[in-house]
Amino acid sequence: MESNFLTAVFLPLALGIIMLGMGMTLTIYDFKRILIFPKAVAIGLANQIILLPLIAFGIANIFPLSPELAVGIMILAVCPGGATSNLIAHLCKADVALSITLTAISSLVTVISIPLLVNFSLTYFMGVDSPKSLPVFDSMLKIIIITLIPTIIGMWINSRFPRFTRKSVKAVNIASAVLFVAVILGAVLAERDKIVEYFFEAGPAALCLNLSTMFVGYFTARFFATNERQSFTIALESGLQNGTLGIAIASSPLLLDNAEMAISPAIYGLLMFFTAGTMIFISRRRLA
């Protein structure tokens, strides 16, 4: 994916709109909810911030991936949950409030963790002579601009114009879903000459990451005695990552500018719809 209109303009703009839409569903209360059910939030964040990258690192080493695809798996693993996980939590009849809280808090934490863990992955999988790294503070600033600022604007709109938000949030969510699909298709089409090869190489690793993190998220939550709805929520937040942000980090000229690294998040984004559909079916039966 060359530095062109798609990566230089459309991708950051699409991500900004998606994060704006997510912000319009958030309030300050969502951040205070950590005081209401601290155990569930702590378990969810431990899965997202610690276990997820560790599992991804193991998968990236076990599967026969190219260095670029392995880095793509790691980029995906350090991204927070996105608005998609909140929507799926709603469809699953899981704990949407907990889902939103975990998404909101992890979005803050990953501003710091993304540059650090991505740079580690670049060095580990591509060697000390990796073509590009993320300057830590510069990358933090760029991630804040393309993710946190639109989210904060969305929260401000929600607090100042709640009636407008209630009327428009459905349309914004639809637009976000369309943009999410467009970003994934753009990443896939940019590498269309090799996409079948990439799918067979990165697909099993991406699917394994998706399923294993949902499995670990659910059973760690059950082990620590959270209720069924919270356990399904933690499973979703552990297994459904912000693929759009992963593609942006990999392919945007502002960050890594590497099309091949964007393939793993793109394939993950495609497979995620099927596993999420299965999760909806299972959870609605269990939580009925």
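This is a short tour of a predicted model, from the whole chain down to single residues.

**The whole chain**

Start with everything displayed as a cartoon. The chain holds 12 helices and 0 strands, and from the N terminus on the elements read α-α-α-α-α-α-α-α-α-α-α-α. The radius of gyration is 18 Å, close to the 19 Å that the globule rule gives for 288 residues, so the chain is as compact as a globular protein of that length. If you turn the C-alpha trace along its principal axes, it spans about 45 × 40 × 30 Å.

Now switch on the surface. About 12700 Å² of the chain is exposed, and carbon and sulfur atoms supply 72% of that area. Of the 288 residues, 57% count as buried. Among contacts with a separation of 6 or more, 84% join residues 24 or more positions apart.

**Helix H9**

Select residues 195-223, which make up helix H9. This helix has 29 residues and reaches 40 Å from its first C-alpha to its last, close to the 42 Å expected at 1.5 Å a residue. Then pick alanine 202: a kink of about 40 degrees lies there, shortly before proline 204.

**The nonpolar cores**

Hide the surface and show side chains. The largest nonpolar core has 75 residues. To find it, select Ile75, Leu209, Ile247, Ile249 and Met261, the residues with the most contacts inside this core. A second, separate core has 10 residues, including Val41, Leu102, Ala221 and Ile234.

**Glutamine 48**

Go next to helix H3 (residues 38-62) and select glutamine 48, which is placed in it. Is glutamine 48 buried or exposed? Its relative accessibility is 4%, and because buried means under 20%, glutamine 48 counts as buried. Show what surrounds this side chain: leaving aside neighbours within four places in sequence, glutamine 48 is in contact with Pro53, Ala77, Gly81, Leu102, Ser106, Glu237 and Ser238. One of these, Leu102, also belongs to the second core.

**Two loop residues**

Select lysine 93, in the loop between helix H5 (83-91) and helix H6 (96-126). Lysine 93 has a positive phi of about 60 degrees although it is not a glycine. With a relative accessible area of 43%, lysine 93 is partly exposed.

Move to the loop between helix H11 (243-251) and helix H12 (263-286), where aspartate 257 lies. Phi of aspartate 257 is near 55 degrees, again a positive value in a residue other than glycine. Aspartate 257 is partly exposed, at a relative accessible area of 33%.

**Two links between distant parts of the sequence**

Stay with helix H12 and select isoleucine 280, which sits in it. Isoleucine 280 is buried, with a relative accessible area of 18%. Which residues does isoleucine 280 contact, leaving aside its neighbours within four places in sequence? They are Ile88, Leu91 and Cys92. Add histidine 90 to the selection and draw a distance between C-alpha atoms: isoleucine 280 and histidine 90 are 190 residues apart along the chain, yet these atoms are separated by 9.2 Å.

For the last stop, select valine 169 in helix H8 (residues 162-190). Valine 169 is buried, and its relative accessible area is 18%. Draw a distance from its C-alpha atom to that of methionine 22: the separation is 9.0 Å, while the two residues are 147 residues apart along the chain.

How values were computed
Residues numbered from 1 in each chain as written. Predicted model: local features only at pLDDT ≥ 70, side-chain atom pairs only at ≥ 80, totals over all residues. Heavy atoms only, no water. Helix = DSSP H or I, 4+ residues; strand = E, 2+ residues; numbered from the N terminus. Expected span 1.5 Å × (residues − 1). Bend = angle between axes of the 7 residues up to and from the residue. Core = buried A, V, L, I, M, F, W, Y, C linked by side-chain atoms within 4.5 Å. Buried < 20%, exposed > 50% of the residue type's maximum accessible area, 1.4 Å probe, protein only. Rg over C-alpha atoms; globule rule 2.2 N^0.38 Å. Contact = heavy atoms within 4.5 Å. Areas by Shrake-Rupley, 256 points an atom, 1.4 Å probe, with all protein chains shown as cover.
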